[in-house]
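Trainee: I would like a close look at one part of this model. Please take the longer of the stories slowly, with its surroundings.

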Amino acid sequence: MKNIFVTGGAGYIGSHTVISLLENNYNPLILDNFSNSHRDTIKKLEKISKKKITFYDVDLRDKKKLNLIFKKYRCDTVIHCAGYKSINESLKEPILYFDNNIISTISLLECMKQFKIFNLIFSSSASVYDINQSLPLKENSKIGNTTNPYANSKYII
């Protein structure tokens, strides 16, 4: 069974991703600092899946702890769902969003490079698309011209 790291795996998108991975015979390993999620999500995932979930309470900016986890498990893919997500909060605390979302991703990418993990699925946001695009958006729609720090952080990543 293949190990896949899921950052933010206790959050909404991350937890649904974990269930899908389990249903498809993968072994998801959750990395989450629970700043945007709840610990009881892990218990709920175990109840739904009837499987023990491996998780680590880790801030992705903690390179030392992150390296220990990557050293312990062989894995070739990371699904990156972690990050702050409130547009309104980002308008009040833009530096917080840049520090958390961008710096944590850089730390994750450096760790992935060190352990030769080159497959990354990044959970971004529709807010990275140029606001002047017509709907529905497509993956090749123009990006940029973002309107808030949250969107900027996702766009930079």
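What follows is a request about one helix and an answer that sets it among its neighbours.

Trainee: Please take me through helix H5 (94–114). Which residues of H5 are buried, and what covers them?

Mentor: Bear in mind that this is a predicted model. Start with the dimensions. H5 has 21 residues. From first C-alpha to last, H5 reaches 30 Å, close to the 30 Å expected at 1.5 Å a residue. After the helix comes Lys116, with a positive phi near 55 degrees.

Now the buried residues. They are Tyr97, Asn100, Asn101, Ile102, Ser104, Thr105, Ser107, Leu108, Cys111 and Met112. In an α-helix there are 3.6 residues a turn, so residues three or four places apart point the same way. Keep that in mind when you read the list. The cover over the buried residues of H5 includes strands and helices alike: S1, S4 and strand S5 (119–122), together with helix H3 (63–72), helix H4 (87–92) and H6.

One link to H3 runs through charged side chains. Lys63 and Glu110 meet in a salt bridge, at 2.5 Å from N to O. Lys63 belongs to helix H3 and Glu110 to helix H5, so this pair ties together parts that are 47 residues apart in sequence. Side chains of opposite charge can pair when their charged atoms come close. Neither partner reaches the cut-off for exposed, over 50%. Lys63 is partly exposed, with a relative accessible area of 41%. Glu110 is also partly exposed, at 39% relative accessibility.

A network comes next. Asp59, Arg61 and Asp99 are joined by salt bridges that share partners. Within it, Arg61 pairs with Asp59, and their closest N and O atoms are 2.8 Å apart. Arg61 counts as partly exposed at 27% relative accessibility. Asp59 counts as partly exposed too, at 23%. The whole structure holds eight salt bridges. Another of them joins Glu46 and Lys52, with the closest N and O atoms 3.5 Å apart. There, Lys52 is exposed, its relative accessible area being 68%.

H5 also has a part in the largest pocket. That pocket holds about 420 Å³ of space. Elements giving two or more residues to its lining are H1, S2, helix H5 and helix H6 (149–156). The lining has 25 residues, and Gly8, Asn36, Cys81, Ala82 and Gly83 lie nearest the centre. By class, nine lining residues are nonpolar, twelve are polar and four are charged. H1 gives the most to this lining, with three residues.

That makes H1 worth a look beside H5. Helix H1 covers residues 12–23. At 1.5 Å a residue, its twelve residues should span 16 Å, and its end C-alpha atoms are 17 Å apart, which agrees. Gly14, Ser15, Thr17, Val18, Ile19, Leu21 and Leu22 are the buried residues of H1. They pack against strand S1 (2–7), strand S2 (26–32), helix H2 (40–49) and strand S4 (77–80). S1 and S4 also appear in the cover over the buried residues of H5. H1 is followed by Asn25, with a positive phi near 65 degrees.

Notes. Residues numbered from 1 in each chain as written. Predicted model: local features only at pLDDT ≥ 70, side-chain atom pairs only at ≥ 80, totals over all residues. Heavy atoms only, no water. Helix = DSSP H or I, 4+ residues; strand = E, 2+ residues; numbered from the N terminus. Expected span 1.5 Å × (residues − 1). Buried < 20%, exposed > 50% of the residue type's maximum accessible area, 1.4 Å probe, protein only. Contact = heavy atoms within 4.5 Å. 1 Å grid on protein atoms, 1.4 Å probe; cavity = no way out; pocket = protein on both sides within 12 Å on 5 of 7 lines; lining within 4 Å. Points joined across faces, edges and corners; volume = space filled by probe spheres on them. Nonpolar A, V, L, I, M, F, W, Y, C, P; charged D, E, K, R; others polar. Salt bridge = Lys/Arg side-chain N within 4 Å of Asp/Glu carboxyl O.
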